[in-house]
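Student: I would like to learn how to read buried charges and helix faces in a model. Could we work through some cases together?

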Amino acid sequence: MPDALASDDERAAVDAVLGAASSGWSGGTRAIESEGRVARGGHEAREQRHLLLPVLHALQSSAGWISPGGLRYACERLTVPPAEAYGVATFYAMFSVKPRPTTVLHLCDDIACKVAGAEDLIDEVVREAGSERVLRSPCLGMCERAPAALLQTGDSNDVAFGPVSIEGLDSLLHGGPRTMMRGPEAGEVAPQTDGTRDGLRLLRRVGVVDPTSLDDYRAHGGYEALRRAVEIGSEGVIRELKDSKLLGRGGAAFPAGVKWEAVEKQAVRPHYFICNADESEPGTFKDRVLMEHDPFAVLESLTIAGYATGSEKGFIYIRGEYPGATSRLEQAIERAYAHGFLGADVMGEGFAFDVELRRGAGAYICGEETSLFNSIEGKRGEPRNKPPFPVERGVFGKPTGINNVETLVNVLEVLTLGGEAYARIGTPDSTGPRLFCLSGRVERPGVYEVEHGVTLRELLEMAGGVRGGKALKAILLGGAAGSFVTPDDLDLRLTFEDSKAAGVTLGSGVVMVFDEDVDLADIVLRIAAFFRDESCGQCVPCRVGTVRQEEALARVIAGRANGSLTDELALIGEIGQVMRDASICGLGQLAANAVDSAIHRLRIFNGGAA
């Protein structure tokens, strides 16, 4: 790297993010007469460290990889040690520090796509196009359109699409038209929107409102919730939120009102509020649907969060594999600023709130809140120890609130209905509507909105039941970090309290269906491989445990157990317990859940549903 030089295109890409270099100390031309004895810009440049991730995205797009010369120039501009920048660049799966074709195709081989025949598809595409242009990918968040793919291009016009066929890919990879890349209609991703739409709240605008039109959004009730928030004040908003008993929809189920109040009460300034749109749990795609089809609702709810918590700035951290949602949010942010719904004087009401969109780059761990903070700050997306908690010291060391997309969009309903009225939806301990992502061997996959309290059986019937009338073998509830349930569990009520009593979790709303033809042992091994790949490696229990878990499962499935089957399964159980007890964050703590439930609930290795 010391002798590597950036190309003109790479310098231009970096400068487009950071602005032109102002001196030789920040990567520009050095004027010896004015800079020979004085260094300028050190503190100012270091304060831009948080722009490292956008700079790396720019370099990746400019050349199809991050070259030593491009990385060196980025380090000069930001005064980041090259070793640190290299550590960040190699942390994310969408970046490459080795030469590769400018355009590459990521084909998902995760659970839902595996069930839809992804393995055979990938083998055939690799034979046709070569392994250099085709990369295997974990879940791309398009499970309702499996098998799915992401075309990563050198012009920043990435496209995610599905279902993928070998015929369509053959044309695409040989320069033909992108015929299979049309965006899905609302009814394809949220089947209820093709019907009467009765009872829809979170999805009521999906398929009705033009997602690119602020005027259309306002004509359908948009920004009325923000106006009510300003009328009742920040304390009133938090009171309504606490009365609603809204729990987070990202998996942790933390009371939203308690979190917001804790941020608002912090004396340290500034405050930040983050919309966590890094929806990377395999089987989850509800947030993507909201962002693609109702982006202004995401912005309005984030603005309400900023107002109520006294936050001066908000971030939307969106996963890098969501180019469609990214484009929609970029347009929405631009139009909201242009019409006074963001900026120095929001709606003329005397409060300021700015929003910045940040793209991830392929790291499941960045869905964990403190990992996300580090990613925004331009560091490796590794989790932090807690305490201190984010409400005290979050992003940039300041008080920070954070919720996922679905949680925030629920806030619009809380303010529209009132907290007490919202709390009457669902059950006393699981209030409000809920989005579930149905995928796998189900007739009508997609996002479904229900009130808490419906049963798993009722939800499955809404989606048309098991595809082709086949027998149900198992359901994965909550995603790769969730648990398997059996056909005997179909009368489980989908609430926080009922799932907890049953020893399972709703997680991020994943309901993945497996029929009699699916090899569940293969699915469990893929889940173990997912956690091995996605472990950030910071703590030993997770870094080593996820590897040993996968190795032991592979031995059992291949019939090469070390000792007896009982001994090997006991070892897998001990590994899982160590990860639960000693891992620093939720990834390691939950990495054994699905495996454990497959062994003990499904009994896949003891004559059960394999």
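**Buried charges and a two-sided helix**

Tutor: This is a predicted model, and we can begin with Arg249, which is buried, with a relative accessible area of 0%. Glu406 is likewise buried, at 0%, and the side chains of Arg249 and Glu406 meet in a salt bridge, with N to O at 4.0 Å. The pair links distant parts of the chain, 157 residues apart, since Arg249 sits in the loop between helix H12 and helix H13, whereas Glu406 belongs to helix H18.

Student: Which side chain of opposite charge is nearest to Lys473, and how far away is it?

Tutor: A salt bridge here requires the nitrogen and the carboxyl oxygen to be within 4 Å. For Lys473, which is buried, the nearest side chain of opposite charge is Asp519 at 6.5 Å, so that no salt bridge is formed. The side chain of Lys473, which lies in strand E13, does reach the backbone oxygen of Glu516 at 3.3 Å.

Student: Which residues of H24 are buried, and which are exposed?

Tutor: The general idea is that an α-helix has 3.6 residues a turn, so residues three or four places apart point the same way. In H24, the buried residues are Glu568, Leu569, Ile572, Ile575, Gly576 and Met579. They cover an arc of only 115 degrees around the axis, which puts them on the same side of H24. On the other side, Thr566, Glu574 and Asp581 are exposed.

Student: What do the buried residues of H24 pack against?

Tutor: They pack against helices H23, H25 and H26.

Key
Residues are numbered from 1 along each chain as its sequence is written. This is a predicted model: local features need pLDDT of at least 70, side-chain atom pairs count only at pLDDT 80 or more; totals for chains, interfaces and linings use all residues. Side-chain values use heavy atoms; hydrogens and water are left out. Buried means under 20% relative accessible area, exposed over 50%, partly exposed in between (1.4 Å probe, protein chains only). Helices (H or I, at least four residues) and strands (E, at least two) are DSSP runs, numbered from the N terminus. The arc is that of the directions from the helix axis to the C-beta atoms. Contact means heavy atoms within 4.5 Å. Lys and Arg count as positive and Asp and Glu as negative; His and the chain ends are not counted. A polar contact is a pair of N or O atoms within 3.5 Å; within protein, one must be able to donate a hydrogen and the other to accept it, and residues adjacent in sequence count only if both atoms are side-chain atoms.
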